[in-house]
Amino acid sequence: MLRPYVANENNPHMHPAGEKWRGEKLYDFRFYELEIVSYSLPLAVFRWDTYVRSDDYHRHCDFYELVLVYKGSARNDSGTGTLETVTVGNVFLLPPGSIHRYQAIHEFAHFNILFRPELLNQIRFDLETLPGFQALFRNFGAAGNPTAISPFLFLSEAEITDVMMLLENCRRELERQEPGFQSAAVASFLHALTGICRKARLQGGRGEENSFRISRVVEQLNSRYSEEFSVPRMAKLAGMSVSNFRHRFSEVMGVSPVEYLTRLRLKMAAPLFMMPENITSIAFRVGFEDSNYFARQFRKYAGLTPTEFRNRLNNGEITLQELDSRLFNHLGRQNV
């Protein structure tokens, strides 16, 4: 069986990086160099029931690695001098460009889910409403940071069992490659990821707790966007002072709370343009109190007036996905 996470000179899927990491040998690992993955599907799932040795440092050149630990423990080593213990119930994410290895391994059993960023392109906006997604994907700082790792999240025993069943279904679909396996595998993966993002709880310091609180407010905004949400109300939902909430929200989301809500309402208005509803009514339905202000904001962020957008949408000259890209693609998504 192929063991891609033993990084050494005997593994044909690891290549010496031509440089050292913290004075030790470093190996590069690229997703499509795995001989068992489908070249048309940027997803691979491995289940390691035993992991008996430490490996060398390796770099994730072009993929995310999502780890779910279901037995034993190990210490994750990113070369910073601090070894972080991972144990049963922990879920964490390593982004593209990150470097790590495992040390002090004790009966370490886990799932490794490898996927390239494009796998989430079509559904990331929906997942971003979930607190766990914010915790996993929003805390990396500069893109390509070699020591980047998400906070460690935690699942209960029952929650681990549910997620493991989905991941095992995904792994088997990828292994057997029966007709329709790609759709089935992606469906199981997304079901598992959604479960993690809904249920996993944060373990960590105060800064991580604040990020998690912000993500819960984002979840409320995405589900209740048409309601009146003042910044003080949002801060109260987060359990934070108004000034601290403004600062933390902008830090996590890349824009102010008011601007995020404005962009969100514009996104939610877009599908309504496919129906014979006047622009004023659409503006009111998504939470704007002034249709002229709605039109100005639409043009500011979408680059089109509502009337221009409706005409181009109905003529097939623009899609809802294109509008979503204009509204949200640059907001704190460098790592997604």
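## Two positive phi values in strand β8

At 48% relative accessibility, alanine 104 counts as partly exposed, because the buried class ends at 20% and the exposed class begins over 50%. This comes from a predicted model. Alanine 104 sits in strand β8, which runs over residues 99–115. Its phi is near 50°, a positive value in a residue other than glycine.

Glutamate 107 belongs to strand β8 too. Here phi is about 45°, again positive although the residue is not a glycine. Glutamate 107 has 53% relative accessibility and therefore counts as exposed.

## The chain as a whole

The chain has 336 residues, and buried residues make up 52% of them. It holds 12 helices and 10 strands. Take the contacts in the chain with a separation of 6 or more: residues 24 or more positions apart account for 71% of them.

## Helix α10: length and ends

Helix α10 covers residues 291–302. Its 12 residues, at 1.5 Å a residue, should span 16 Å. The end C-alpha atoms are 16 Å apart, so the expected span and the model agree.

Both ends have a feature to inspect. At the N-terminal end, aspartate 290 is the cap. One of its side-chain oxygens lies 2.8 Å from the backbone nitrogen of asparagine 292. After the helix comes glycine 303, with a positive phi near 80°.

## Helix α10: two sides

Which residues of α10 are buried? They are Ser291, Phe294, Gln297, Phe298, Tyr301 and Ala302. These residues cover an arc of only 120° around the axis, so they lie on the same side of α10. The spacing fits a general rule: an α-helix has 3.6 residues a turn, so residues three or four places apart point the same way.

The other side of α10 carries exposed residues: Asn292, Arg296, Arg299 and Lys300. The buried residues pack against four helices: α8 (257–269), α9 (279–285), α11 (306–314) and α12 (320–328).

## The α10–α12 contact

How are α10 and α12 oriented to each other? Their packing angle is about 85°, and their axes are 8 Å apart. The two helices are therefore roughly perpendicular, since that class takes angles from 65 to 115 degrees. On the α10 side, the contact is made by Phe298, Tyr301 and Ala302. On the α12 side, it is made by Leu323, Arg326 and Leu327. Phe298, Tyr301 and Ala302 are also among the buried residues of α10.

## Glutamate 317 in the loop before α12

Glutamate 317 is in the loop between α11 and α12. With 46% relative accessibility, it counts as partly exposed. Leaving out residues up to four places away in sequence, glutamate 317 touches Arg312 and Glu322. Arg312 falls within α11 (306–314), and Glu322 within α12 (320–328).

## Arginine 171 in helix α3

Is arginine 171 buried or exposed? Its relative accessibility is 16%, so it counts as buried, the cut-off being under 20%. Arginine 171 lies in helix α3, residues 157–176.

A polar contact of 2.5 Å joins its side chain to that of glutamate 168. Arginine 171 also touches Val45 and Arg47, when residues up to four places away in sequence are not counted.

Technical notes: Residues are numbered from 1 along each chain as its sequence is written. This is a predicted model: local features need pLDDT of at least 70, side-chain atom pairs count only at pLDDT 80 or more; totals for chains, interfaces and linings use all residues. Side-chain values use heavy atoms; hydrogens and water are left out. The expected span of a helix is 1.5 Å times one less than its number of residues. Buried means under 20% relative accessible area, exposed over 50%, partly exposed in between (1.4 Å probe, protein chains only). The arc is that of the directions from the helix axis to the C-beta atoms. Contact means heavy atoms within 4.5 Å. A polar contact is a pair of N or O atoms within 3.5 Å; within protein, one must be able to donate a hydrogen and the other to accept it, and residues adjacent in sequence count only if both atoms are side-chain atoms. Axes are lines fitted to C-alpha atoms, for helices over the stretch in contact, and angles run from 0 to 180 degrees between N-to-C directions. Angles under 35 degrees count as roughly parallel, over 145 as roughly antiparallel, 65 to 115 as roughly perpendicular and the rest as oblique.
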